[in-house]
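Welcome! Take a moment to look over the structure shown here, and then read on for a short guided tour.

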Amino acid sequence: MGLGGCIILIAVGAILAFATDWELDGVNLDLVGLIMMAVGLIGVATFTSIARRRRVVVPPTAPTVVDENGRDRGY
């Protein structure tokens, strides 16, 4: 599940928990919404920590060119 899926879970959970007044027998939609929001937040935290580890940037090294007199040209 990517970042978009986690954000959708948070949004749908918030809608179920705070914006609806539906009642189903045997299902507490407020609790279902809170659980969906919690899972979405855990997913966002996990996704960002994994994405941060992947983005390690190693600066390129410039090649050293030495001319025939042994002097470093600094390219």
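**A first look at helix α1**

On the face of α1 turned away from its buried side sit the exposed residues Ile8, Phe18 and Ala19. Keep in mind that this is a predicted model. The chain as a whole has two helices and zero strands, so let us go through it topic by topic.

**The two sides of α1**

- Which residues of α1 are buried? They are Cys6, Gly13, Leu16 and Ala17.
- These buried residues lie on the same side of α1, because they cover an arc of only 95° around the axis.
- Buried here means under 20% relative accessible area, while exposed means over 50%.

**The length of α1**

- Helix α1 runs over residues 3-19, which makes 17 residues.
- At 1.5 Å a residue, α1 should span 24 Å.
- The C-alpha atoms at its ends are 23 Å apart, which agrees with that expected span.

**In-between residues**

- Ile15 belongs to helix α1, and it counts as partly exposed because its relative accessibility is 48%.
- Ile35 has its place in helix α2, and its relative accessible area of 48% makes it partly exposed.
- Phe47 is also found in helix α2, which covers residues 29-54.
- With 34% relative accessibility, Phe47 counts as partly exposed.

**A nonpolar patch on the surface**

- Which residues make the nonpolar surface patch? Leu3, Ile7 and Phe47 make it, and the patch is about 240 Å².
- Phe47 can take part because a patch residue needs over 30% relative accessible area, and Phe47 has 34%.

**Distances between residues far along the chain**

- Ile15 and Met37 are 22 residues apart along the chain, and their C-alpha atoms are separated by 9.8 Å.
- Leu9 and Ile35 are 26 residues apart in sequence, with 9.4 Å from C-alpha to C-alpha.
- Among contacts in the chain between residues at least 6 apart in sequence, 39% join residues at least 24 apart.

**The chain as a whole**

- How much of the chain is buried? Of its 75 residues, 17% are buried.
- The chain exposes about 6200 Å².
- Carbon and sulfur atoms supply 64% of that exposed area.

Note on methods
Residues are numbered from 1 along each chain as its sequence is written. This is a predicted model: local features need pLDDT of at least 70, side-chain atom pairs count only at pLDDT 80 or more; totals for chains, interfaces and linings use all residues. Side-chain values use heavy atoms; hydrogens and water are left out. Patches are made of residues with over 30% relative accessible area and no salt bridge: like charges are joined within 9 Å, nonpolar side chains (Val, Leu, Ile, Met, Phe, Trp, Tyr) within 5 Å. Accessible areas come from the Shrake-Rupley method with a 1.4 Å probe; for residues, only the protein chains shown count as cover. A salt bridge is a side-chain nitrogen of Lys or Arg within 4 Å of a carboxyl oxygen of Asp or Glu. Helices (H or I, at least four residues) and strands (E, at least two) are DSSP runs, numbered from the N terminus. Buried means under 20% relative accessible area, exposed over 50%, partly exposed in between (1.4 Å probe, protein chains only). The expected span of a helix is 1.5 Å times one less than its number of residues. The arc is that of the directions from the helix axis to the C-beta atoms. Contact means heavy atoms within 4.5 Å.
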